[in-house]
Amino acid sequence: MKKFLIALIVVAACVVGCDLAMTRMSKASEPETQTEQEVADEDAYEEIEDLIEDGKTEEALGLLEEQDTESAEYYALKELAYLEDGSEEAEEKLSVLYKEAADLWPEWQQMQKMAGVAALLEGNYESAEYRLFEALRLDTEDAETWFYLGELAYYEGNYDDMRTYFESALEYDLSETKQSEILWFAEQVGDR
């Protein structure tokens, strides 16, 4: 389970960086009529990101609470801070964060997926299924979403669905780690 959480954290950290870059790129393509407040907010977000990268998560989280708590940047940076922290308490806060972000931003595929993974880890299979199918609705080619649906099906004892979901996951760009995990699940149900 610990290996799984570490792999999850690594994947989430990579995606957070991409989400932040995409958010900033989309803002950069907007007209250059930024208000002074928008410039100040952007500077604050960059400062917070620098603090997180320097391992000063508590300070970063304090500054983050002074920002717009319903912005995508807020959730992406808060996720990054919790991932950097890595404590058990931060992991619990991540679970709550994913659910809040998925509710506030229902079209944010990554947050839907991560809320589903958090629910899966908590054993809340009904919520996990809902969130993962929402993530899949937003991106049918996300290999990890298919993978987590396969894992969910395994824990629910739906081995035919598990096989179908894992086969779909393998059709897309699935990490070697996840491919190895699929082999483990296959062995558990006698498919190897």
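The protein has ten helices and zero strands, where helices (H or I, at least four residues) and strands (E, at least two) are DSSP runs numbered from the N terminus. Heads-up: this is a predicted model, so local features need pLDDT of at least 70 and side-chain atom pairs count only at pLDDT 80 or more, while totals for chains, interfaces and linings use all residues. Residues are numbered from 1 along each chain as its sequence is written, and side-chain values use heavy atoms, with hydrogens and water left out.

**Exercise 1. Work out what share of the protein is buried, and what its surface is made of.**

Step 1: Get the cut-offs straight. Buried means under 20% relative accessible area, exposed means over 50%, and partly exposed is in between (1.4 Å probe, protein chains only).

Step 2: Apply them. Of the 192 residues, 44% come out as buried.

Step 3: Turn to the surface. The protein exposes about 10600 Å², and carbon and sulfur atoms supply 48% of that. These areas come from the Shrake-Rupley method with a 1.4 Å probe; for residues, only the protein chains shown count as cover.

**Exercise 2. Find the patch of negative charge on the surface and say which helices feed it.**

Step 1: Set the patch rule. Members need over 30% relative accessible area and no salt bridge; like charges are joined within 9 Å, and nonpolar side chains (Val, Leu, Ile, Met, Phe, Trp, Tyr) within 5 Å. Asp and Glu count as negative, Lys and Arg as positive, and His and the chain ends are not counted. Each charge is placed at NZ of Lys, CZ of Arg, CG of Asp or CD of Glu.

Step 2: List the members. They are Asp43, Glu46, Glu47, Asp50, Glu53, Asp54, Glu58, Glu59, Glu84 and Asp85.

Step 3: Assign them. Helices H2 (36-53), H3 (57-64) and H4 (72-85) each supply at least two residues, and H2 gives the most, with five. Asp54 sits in the loop between H2 and H3 and is exposed, at 56% relative accessible area.

**Exercise 3. Place Asp68 and track down what it touches.**

Step 1: Locate Asp68. You'll find it in the loop between H3 and H4, partly exposed at 45% relative accessibility.

Step 2: Check contacts (heavy atoms within 4.5 Å). Leaving out residues up to four places away in sequence, Asp68 touches Tyr45 and Tyr74.

Step 3: Look along the chain. Asp41 is 27 residues away from Asp68, yet their C-alpha atoms are separated by 8.7 Å.

**Exercise 4. Trace the salt bridges of Lys99 and Lys113.**

Step 1: Define the pair. A salt bridge is a side-chain nitrogen of Lys or Arg within 4 Å of a carboxyl oxygen of Asp or Glu. The structure holds ten of them.

Step 2: Start with Lys99, which pairs with Glu122 at 2.8 Å, N to O. Lys99 lies in H5 (residues 88-104) and Glu122 in H6 (residues 109-122), so the bridge ties together parts 23 residues apart in sequence. Lys99 is partly exposed at 25%, and Glu122 is partly exposed at 45%.

Step 3: Move to Lys113, which bridges to Asp142 with the closest N and O atoms 3.0 Å apart. That links H6 to the loop between H7 (125-138) and H8 (143-156), 29 residues apart. Lys113 is buried at 2%, and Asp142 is buried at 14%.

Step 4: Add the other partner. Glu144 also forms a salt bridge with Lys113, again at 3.0 Å between the closest N and O atoms. Glu144 lies in H8 and Lys113 in H6, so this pair ties together parts 31 residues apart in sequence. Both Glu144 and Lys113 are buried.
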